[in-house]
Amino acid sequence: SAFAFQAGQCKEAHASPVETSSDDVHIKVQDCSVFTRCLEISIPGAAYLSGQYCPDTVRDKGSPFFTKPGQIKAATIHLQAVSAKGDQEQQKCAGYGWMLRRSSTEDLILANAAHKNLPVVELQGPALLCIKEELLGLTFQGSGKFTFKALEKGTLQKPATAGESSVAVYTCPSPLIERQEYLKKNKLDSEFEDDAAAKQVFRFDDPSTAVMD
């Protein structure tokens, strides 16, 4: 199936035009799923917690869990659903939907545990922040705005209790711009009179998926 973003939300089989200075652009996302799409998380006052969290290939008790890699292990942050039967760190977020916790060298993430042939996710890092709402529903179907509580005073550089999440959209340059830069770099002449002529040749689409206007 083909997916696209409409009014900031992920929609199936629909193309949403975005007005630019010269062209209409259709943002198309293939396989728009909570198990495949990265999330853009914004936590005011905590730049190190903000950024892109991507789903791991291993599922946490059937649910996705997300990771924002850091330059070192201690700087890596996990986004995990809160479970009523979770570990001691998860109990700090009891009554909340999701939590951010620091990565640990003791984390155990296995696609198939030898004794059960099932995926195992046992995170050992400390909890940093608890998100009240069901984050994935808000991100994919709602406004993306959520409320949270920080567990330590030093977690935030300034007081805040509200953040925002959105589905990440990957940007790529226009092939016309790439072509112009290549010609300039290699001092080559263009075989087209202008951009309008080039657009008649270039196909701005992913032919592997269908788009319904």
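These are my notebook entries on a barrel, its cores and a pocket in a predicted model.

**Entry 1: the barrel**

I started with the overall strand order. Eight strands close into a barrel, running β6-β7-β8-β9-β10-β13-β14-β15. The pairing is antiparallel. I then looked up the twist, which averages 30 degrees from one strand to the next.

**Entry 2: β6 and its two partners**

I took β6 next, residues 39-42. Which of its side chains are buried? L39 and I41 are buried and point to one face. E40 and S42 point to the other face and are not buried. That fits the general pattern: in a regular strand, side chains alternate between the two faces of the sheet.

On one pairing, β6 meets β7 (residues 51-55) through three bridges, antiparallel. I41 has G51 of β7 as its bridge partner. On the other pairing, four bridges join β6 to β15, again antiparallel. There, L39 stands opposite V167.

**Entry 3: β14 and β15**

I followed β15 to its pairing with β14. Strand β14 covers residues 145-150 and β15 covers residues 162-167. Three bridges hold this antiparallel pair. I checked one bridge: F146 is matched with G163 in β15.

**Entry 4: β13 between its neighbours**

How many residues of β13 are buried? I find five of its five buried, so by the cut-off each has under 20% relative accessible area. β13 spans residues 127-131.

β10 and β13 run antiparallel and share four bridges. M99 has C130 of β13 as its bridge partner. β13 and β14 also run antiparallel, joined by three bridges. L129 is partnered with A150 of β14.

**Entry 5: R101**

I looked up R101, which sits in strand β10. Is R101 buried or exposed? R101 is buried, because its relative accessible area is 0%. I also checked R101 against L128. The two are 27 residues apart in sequence, but their C-alpha atoms are 5.1 Å apart in space.

**Entry 6: the nonpolar cores**

Next I listed the largest nonpolar core, which has 23 residues. Which members touch the most others? They are I43, L49, Y53, L79, W98, L100 and I131. At least two residues of this core come from each of β6, β9 (77-81), β10 (98-102), β13, α2 (135-141) and β14. Another core, of five residues, lies apart from it. Among its members are V82, C93, M99 and A127. As a general point, nonpolar side chains in soluble globular proteins tend to be buried together.

I then opened up the contacts of Y53. Leaving out residues up to four places away in sequence, Y53 touches C38, L39, I41, F66, T67, K68, I77, H78, L79 and L100. L39 and I41 in that list are the buried pair of β6. L79 and L100 are also among the core members that touch the most others.

**Entry 7: the second largest pocket**

Last, I looked at the second largest pocket. Its volume is about 200 Å³. Sixteen residues line this pocket. Which of them are closest to its centre? I noted D60, K61, Q80, S83 and Q90. Two strands, β9 and β12 (120-122), each supply at least two residues of the lining.

**Entry 8: cross-check**

I went back over β9. This strand supplies at least two residues of the largest nonpolar core, and at least two of the lining of the second largest pocket. M99 came up twice: as the bridge partner of C130, and as a member of the five-residue core.

Key: Residues numbered from 1 in each chain as written. Predicted model: local features only at pLDDT ≥ 70, side-chain atom pairs only at ≥ 80, totals over all residues. Heavy atoms only, no water. Pairing = 2+ DSSP bridges. Axes fitted to C-alpha atoms, helices over the stretch in contact; angles between N-to-C directions. Core = buried A, V, L, I, M, F, W, Y, C linked by side-chain atoms within 4.5 Å. Buried < 20%, exposed > 50% of the residue type's maximum accessible area, 1.4 Å probe, protein only. Contact = heavy atoms within 4.5 Å. 1 Å grid on protein atoms, 1.4 Å probe; cavity = no way out; pocket = protein on both sides within 12 Å on 5 of 7 lines; lining within 4 Å. Points joined across faces, edges and corners; volume = space filled by probe spheres on them.
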